[in-house]
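User: I'm new to this structure and would like a guided close look. Could you start from one single spot in a loop and work outwards from there?

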Amino acid sequence: MTADGMMTPGCDPEELRSLFLFEKLTDDQLSRLCVEGRIESFESGQVFAEGDPASCLYVLIEGTLVTSRRIAGDDVEVGRTSQKGVYSGAYTAYLGDRVPQVYQNSMRVTEPSRFYVLGAECFAQIMDEWFPMAVHLLEGLFIGGQKTREAVSQRERLLALGSLTAGLTHELNNPAAAAVRATSSLRERVAGMRNKLKLIAGGRYERVGLEQIIELQQRAAEQVAKAPRLDPMETSDREDEVSDWLEDHGCHEGWLLAPVFVAGGIYTDWLDRVLDTVGVGMIEPALRWLNYTVETELLMNEIEDATTRISTLVGAAKQYSQLDRAPFQVVNVHELLSSTLLMLSSKLSGITIAKNYDKSLPKIPAYAGELNQVWTNLIDNAAQAMNGHGTLTVRTARDNDNVLVEIGDTGPGIPADIQKRIFEPFFTTKPVGEGTGLGLDIAWRIVVNKHHGDLRVASVPGDTRFQVRLPIQAPTHVEGT
């Protein structure tokens, strides 16, 4: 604008009218734009930079502009156009301090280009004066949409937490119940052993005979520790053999003892050695005593397995939640993936899990808890796509200066016409009430905005792959979501 309030030289109201943004304005309004704004020419190069204070609105008159965002140290192009009237810069100035007034991306021109340039404060004032109703509607849409996204995002997190909690409770209940059952049975067996010990001690057995039984007890416990795993057919055959041996050697109801002996790895050849050691006169009490020993060892193994499983689940929950760790830390992505898979195990029932990990990958700086949310969203979507049947593939590899994590499934795939929209907020293909449309949007913002990484999808029927790339080196600054 000139000092006396005249139109800026070079600004033609009729040229502004040719831009779609201004085509419906009156002559007086176009004249004011020429007074308040200016026409500016730029040679090839940068016009403004992402993150700088948004001081001007730029409307393209002629030339070519390119917009880009800074991701993991690189300028990633997000738009390129030569269309007259396209605008960029301080286009949210009318919202004032309700949102950060900085440039959301960088803009450069690839050839000499002309723009209509209007100061941000003037643009905000004109919007308020000329379009008060529109401004209120836009404010409501922008701020309301932002609050809705936050509320639904929080709800999705709570739903995911509830689902994970239910799954974890189910997974914990099984080993806990097994430990309780084994403890109860162990108490009965120990009581039985005390009774048998009393009978043996009260019998007419020489000291040497008792020492032989105690020695056999120790050897039986050692045998249980190295008992082989048998398939059902082998187990049945072994039990028949042992049962027949016991019956042949006068052991009453030997079929009740046979399953315990077989489970402990004690077969007919082992029983032959017992017979050779104690003789025919002591064989039945010795075998029943050893049977109690073997069953006691098996029950203690079951309790150990159950409590180890509980400890593993608690450790996975601790790893998943990252409750005792700093938000931003150096992490092993394989540990994060494993804890997430364990937390989601109830949802993956019936699905084959194929892990293809590159163990040579370095640790990376990341927000571990939020990356676990990304894995949760991607794995949960894959499980739902396969509906309980198929193969979930989790692959890691190095991709130049990034760690690649790929989540693949064998579901029906994502139609090509919507693949570009799946990361949009509130976009969902699920029936009303079954999806918020924010799972992939949240994942995208965590990966791209917060970690300066990359998230993309490739999908055909039977082969859908979500690829997450995360920088190995920490970015110079870390953005919030």
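Analyst: Glu253 is a good place to begin: with a relative accessible area of 37%, Glu253 counts as partly exposed, because that label covers values between the 20% limit for buried and the 50% limit for exposed. Keep in mind that you are looking at a predicted model. Glu253 sits in the loop that links H6 and H7. Its backbone has a positive phi of about 55 degrees, although Glu253 is not a glycine.

Now look at the two helices on either side of this loop. Helix H6 covers residues 232-248 and helix H7 covers residues 254-263. Their axes are 8 Å apart, and the helices pack at an angle of about 130 degrees, which makes H6 oblique to H7. The crossing of the two is right-handed. From H6, the contact is made by Thr235, Arg238, Glu239, Val242, Ser243, Leu246 and Glu247. H7 answers with Gly254, Trp255, Leu257, Ala258, Pro259, Phe261 and Val262.

A similar backbone feature turns up elsewhere. Asn387 also has a positive phi of about 55 degrees without being a glycine. Asn387 is in the loop between H11 and E12. Its relative accessible area is 64%, and Asn387 is therefore exposed.

Following the chain from Asn387 into E12 brings you to a sheet. Five strands make up this open sheet, in the order E10-E12-E13-E15-E14, with mixed pairing. At its edges are strand E10 (351-356) and E14, each of which pairs on one side only. Ignoring direction, neighbouring strands here are turned by 15 degrees against each other on average.

Within the sheet, E12 and E13 are antiparallel partners held over seven bridges. One of the matched pairs is Arg398 with Val403 in E13. Helix H10 packs on this sheet, where H10 touches E10, E12 and E13, and its direction makes about 165 degrees with that of E12. E12 and E13 also form a hairpin with two residues between the strands, and there Asn400 takes a positive phi near 55 degrees.

On to the next strand pair: E13 and E15 run antiparallel and are joined by eight bridges. Here Val405 has Val468 of E15 as its bridge partner. E13 itself is mostly covered, with seven of its eight residues buried.

That brings us to the interior. In general, nonpolar side chains of soluble globular proteins tend to be buried together. The largest nonpolar core in this model has 42 residues, and the members that touch the most others are Trp375, Leu392, Phe466 and Val468. Several elements supply at least two residues each, including helix H10 (333-343), helix H11 (368-386), strand E12 (390-399), strand E13 (402-409) and strand E15 (463-471). H11 gives the largest share, nine residues.

To see how one member is surrounded, try Leu392. Beyond its neighbours within four places in sequence, Leu392 is in contact with a set of residues that includes Leu341, Ile353, Ile379, Met386 and Ile407. Apart from this core lies another, of 40 residues, among them Val59, Leu95, Val109 and Leu118.

There is a further sheet to visit as well. Four strands form this open sheet in the order E1-E8-E3-E6, with antiparallel pairing. Its edge strands, each pairing on one side only, are strand E1 (38-42) and strand E6 (87-89). The twist from one strand to the next averages 35 degrees. Strand E3 (residues 56-62) pairs with E6 over three bridges, in the antiparallel sense, and Leu57 stands opposite Gly89 in E6. Helix H3 (residues 120-130) lies across E3 and strand E8 (113-119), at about 70 degrees to E8.

Finally, step back to the whole chain. Its secondary structure comes to 12 helices and 15 strands. Of its 481 residues, 43% count as buried. Among contacts between residues at least 6 apart in sequence, 75% join residues at least 24 apart.

Definitions and conventions. Residues are numbered from 1 along each chain as its sequence is written. This is a predicted model: local features need pLDDT of at least 70, side-chain atom pairs count only at pLDDT 80 or more; totals for chains, interfaces and linings use all residues. Side-chain values use heavy atoms; hydrogens and water are left out. A nonpolar core is a set of buried Ala, Val, Leu, Ile, Met, Phe, Trp, Tyr and Cys residues joined through side-chain atoms within 4.5 Å. Buried means under 20% relative accessible area, exposed over 50%, partly exposed in between (1.4 Å probe, protein chains only). Contact means heavy atoms within 4.5 Å. Two strands pair if DSSP finds at least two bridges between them. Axes are lines fitted to C-alpha atoms, for helices over the stretch in contact, and angles run from 0 to 180 degrees between N-to-C directions. Angles under 35 degrees count as roughly parallel, over 145 as roughly antiparallel, 65 to 115 as roughly perpendicular and the rest as oblique. A crossing is left-handed if the near helix is turned anticlockwise from the far one by less than a right angle, and right-handed if clockwise.
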